[in-house]
Amino acid sequence: MTVWYYAVGQEREGPVDQDKIEKLIVGGVIGRDAYIWREGMADWQVVADHPDFAAFFRVPTPVSAPPALPPTHAPVTRAEPATGAAQLAYAPRLRPWPRFWARMLDNMLLWPFLEVGSRAAMITFAPYEDALQTLGYSVLFGLAAMFASAVLLATSMTLFGTTPGKAVVGVLVPVPAGGSAFSFYLAREFKVLFFAYALGIPLAFIVTFIIQYVRLASDRPAMYDEYNPPVIANPGKLRLTVAIVLVFVAFVFAVLVKAALR
């Protein structure tokens, strides 16, 4: 067995065997500048220079990273479906007819509720019927019904992210980043009343409808969606059965309401 001595600073230690020296090196007790000696050596030697222990102090040669692969050898990754902002950025604008049918279905479903409100208003303001007729009875209640529908649709969009008509047809109206959902949807509904319905003015709303149709058909936003995120398709297609059931239920409800208010 080989007997070793080592010196840490001015303190000489030993005798120990070679295994002990190796353990002291690994444990950090013997540093690379420490001296060692064994029988047969002419003088003390730095431990890092001794062939028996030099491997413990050799600094590994850093391995350079390989260069980038050529484009033809680039790893292929599976593209994930776009979501969130990316989906809005690349999705095409929805064509006019799906949006038209979604709006018409919403109007048909809202009609019974607006009818209830109109009848209730007629009963409430019956003593003032002469004055109301002078002011334009039908015009006043027509405008009130339009504004009420705007509030109801904006509320539905805020609470559920859609309306019955949009859910059935598959229409998504995104909210601009950082904006208030209700404020955005309410303002948008009022713009629809003006730019699409022309506030119900006879013949004028036909012109406004045509203008919005031409804009949407040419892949431009409707005037009430200028500077807003594009209106896009929601996953799923038109479910005709659901639409028919909803309209039928609304019609039956309207008939029952009229019969009850007579």
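A salt bridge is taken here as a side-chain nitrogen of Lys or Arg within 4 Å of a carboxyl oxygen of Asp or Glu. By this criterion, a search of the whole structure finds five salt bridges. The model is predicted: local features need pLDDT of at least 70, side-chain atom pairs count only at pLDDT 80 or more, and totals for chains, interfaces and linings use all residues. Residues are numbered from 1 along each chain as its sequence is written, and side-chain values use heavy atoms, with hydrogens and water left out.

**Exercise 1. Determine the strand order of the open sheet and locate its edges.**

Solution.

Step 1. Strands (E, at least two residues) and helices (H or I, at least four) are DSSP runs, numbered from the N terminus. Two strands count as paired if DSSP finds at least two bridges between them.

Step 2. The open sheet has four strands, in the order β2-β1-β3-β4, with antiparallel pairing. The edge positions belong to β2 (11-16) and β4 (45-46); each has a single partner strand, so one side of each lacks a neighbour in the sheet.

Step 3. Strand β1 (residues 4-8) and strand β3 (residues 35-38) run antiparallel and are joined by four bridges. Across this pair, tyrosine 6 is opposite isoleucine 36 of β3, and tryptophan 4 is opposite arginine 38 of β3.

Step 4. Two bridges connect β3 and β4, again in the antiparallel sense; here tyrosine 35 faces valine 46 of β4. These two strands form a hairpin with six residues between them, and glycine 40 in the turn has a positive phi of about 105°.

**Exercise 2. Place helix α1 relative to the sheet and sort its residues into buried and exposed.**

Solution.

Step 1. Helix α1 (residues 18-26) lies across β1 and β2 and runs at about 25° to β1. The angle is between N-to-C directions, on a scale from 0 to 180 degrees, of lines fitted to C-alpha atoms, for helices over the stretch in contact. Contact means heavy atoms within 4.5 Å.

Step 2. Buried means under 20% relative accessible area, exposed over 50%, and partly exposed in between (1.4 Å probe, protein chains only). Ile21, Leu24 and Ile25 of α1 are buried. They span an arc of only 100° around the axis, so they are on the same side of α1; the arc is that of the directions from the helix axis to the C-beta atoms.

Step 3. Lys23 and Val26 are exposed on the other side of α1. The cover over the buried residues of α1 includes β1 and β2.

Step 4. After α1 comes glycine 28, with a positive phi near 85°.

**Exercise 3. Identify which residues touch the most other members of the largest nonpolar core.**

Solution.

Step 1. A nonpolar core is a set of buried Ala, Val, Leu, Ile, Met, Phe, Trp, Tyr and Cys residues joined through side-chain atoms within 4.5 Å.

Step 2. The largest core has 14 residues, of which Trp4, Tyr6, Ile21, Ile25, Ile30, Val47 and Phe53 touch the most other members. The elements giving two or more residues to this core are β1 and α1. Helix α1 gives the most, with three residues.

Step 3. Leaving aside residues up to four places away in sequence, isoleucine 25 touches Ile30, Val47, Phe53, Phe56 and Phe57. A second, separate core has ten residues, among them Ala102, Ala154, Val169 and Leu186.

**Exercise 4. Trace the salt-bridge network that contains Asp225, then examine the pair Arg215 and Glu226.**

Solution.

Step 1. Aspartate 225 forms a salt bridge with arginine 99, with 2.7 Å between the closest N and O atoms. Aspartate 225 is in the loop between α8 (204-217) and β6 (232-233), and arginine 99 is in helix α3 (residues 96-124), 126 residues apart.

Step 2. Aspartate 225 also pairs with arginine 188, where the closest N and O atoms are 2.7 Å apart. Arginine 188 is in helix α7 (residues 181-195), 37 residues from aspartate 225.

Step 3. Relative accessibility is 4% for aspartate 225, 11% for arginine 99 and 5% for arginine 188, so each counts as buried.

Step 4. Arginine 215 and glutamate 226 meet in a salt bridge (2.6 Å, N to O). Arginine 215 is in helix α8 and glutamate 226 in the loop between α8 and β6, so the pair ties together parts eleven residues apart in sequence. Arginine 215 is buried at 13% relative accessibility, whereas glutamate 226 is partly exposed at 31%.

Step 5. Through shared partners, salt bridges join Arg99, Arg188 and Asp225 into one network.
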